[in-house]
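Q: Could you take me through the aromatic ring pairs in this model, one step at a time? I would also like a word on any enclosed space.

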Amino acid sequence: MTAISAPQRKTGGQAEGRGPRRSIVLNLVAVVIGLAIWTLLASVGVQGMPGPAEVAARAVELVADGTLAMDALASLRRVLLGFLLGTLLAVPVGFLMGWYATARGLLEPYVQFFRTIPPLAIIPLAIVLMGIGEVPKVFVIFLASFLSSVVATFQGVVDVDKTLINAARVLGASDRTIFLKVVVPASTPFILVGMRVGLGSAWGTLVAAELIAAQEGLGFRMQQAQLYYDLSTIFVGLIAIGVLGLLMDRLLLLAERRLTDWQERR
């Protein structure tokens, strides 16, 4: 048995090592294919689309004069603040709704109601009530993050296996112990997925949020470039948002794997 199990463990480790390497190779192939298609579309003159080389040259200019760094930091600050505030409020509210029937009855109608209203539709009201400073920009991003995360947290609590809860009760565990030792760990994957969705919603709302009298930011720069039909700058802004969003998503994915390493994965 020992002689058989050792090679099996080695083979499993080799398979686990090959998985990430294969994924990276496929990612690189996808990027190369995307760049090739982009170059082809630009070469045939699709609506004046700039090619990768032209966009890269414009990006170098924006990096050199500090514009890209200034805009990226401004947008990143707004997204992080709105996302963190939204998540910090969404998690306890989601737990309350999932664990207490009274809280669910009181809060769920409002959550479901505001979920049907796009955060972008709140912008006119936010301007009237909060002015044109940073507060309404962050609030719109906060709302997008909150609504995504609270539903995921609530669903995570509701979907906890009742067998686990009943087994803990049979063993004499209190409600507090069950909540902390059973419900919270079982809900963690849902919370992290909700955070990833909320992060995407935050970045997706950014450009519209920066319509509110912004003087800097990636969304602001793209809107200014639109007025002058500066497609290269628009592409630089799009790529910068995509890269920043992707990096933040990878960090959340890494946290998810560390916090839920007890789960079986494919």
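**Aromatic pairs and a cavity**

A: Happy to. F95, W99 and F179 are joined into a cluster by ring pairs. Please keep in mind that this is a predicted model. Across the whole structure, the search turns up 6 aromatic pairs. One of them is F95 with F179: the ring centres are 5.2 Å apart and the planes meet at 75°, which is over the 60 degrees required, so this pair is edge-to-face. This contact links distant parts of the chain, since F95 belongs to helix α3 (residues 67-99) and F179 to helix α8 (residues 175-209), with their positions 84 residues apart. Both F95 and F179 are buried.

Now for another pair, F113 with F114. Their ring centres lie 5.2 Å apart with planes at 80°, so this pair is edge-to-face. What about their exposure? F113 has a relative accessible area of 47%, so it counts as partly exposed. F114 is partly exposed because its relative accessibility is 34%.

As for enclosed space, the whole structure holds 1 cavity of 30 Å³ or more. The largest cavity contains about 40 Å³ of space. Its lining is made up of L62, L68, L218, R221, M222, T233, V236 and G237. Helices α9 (218-227) and α10 (231-259) are the elements that each supply two or more of these residues. By character, the lining has 5 nonpolar residues, 2 polar and 1 charged.

Key. Residues numbered from 1 in each chain as written. Predicted model: local features only at pLDDT ≥ 70, side-chain atom pairs only at ≥ 80, totals over all residues. Heavy atoms only, no water. 1 Å grid on protein atoms, 1.4 Å probe; cavity = no way out; pocket = protein on both sides within 12 Å on 5 of 7 lines; lining within 4 Å. Points joined across faces, edges and corners; volume = space filled by probe spheres on them. Helix = DSSP H or I, 4+ residues; strand = E, 2+ residues; numbered from the N terminus. Nonpolar A, V, L, I, M, F, W, Y, C, P; charged D, E, K, R; others polar. Phe/Tyr/Trp six-rings, centres within 6.5 Å; stacked < 30°, edge-to-face > 60°. Buried < 20%, exposed > 50% of the residue type's maximum accessible area, 1.4 Å probe, protein only.
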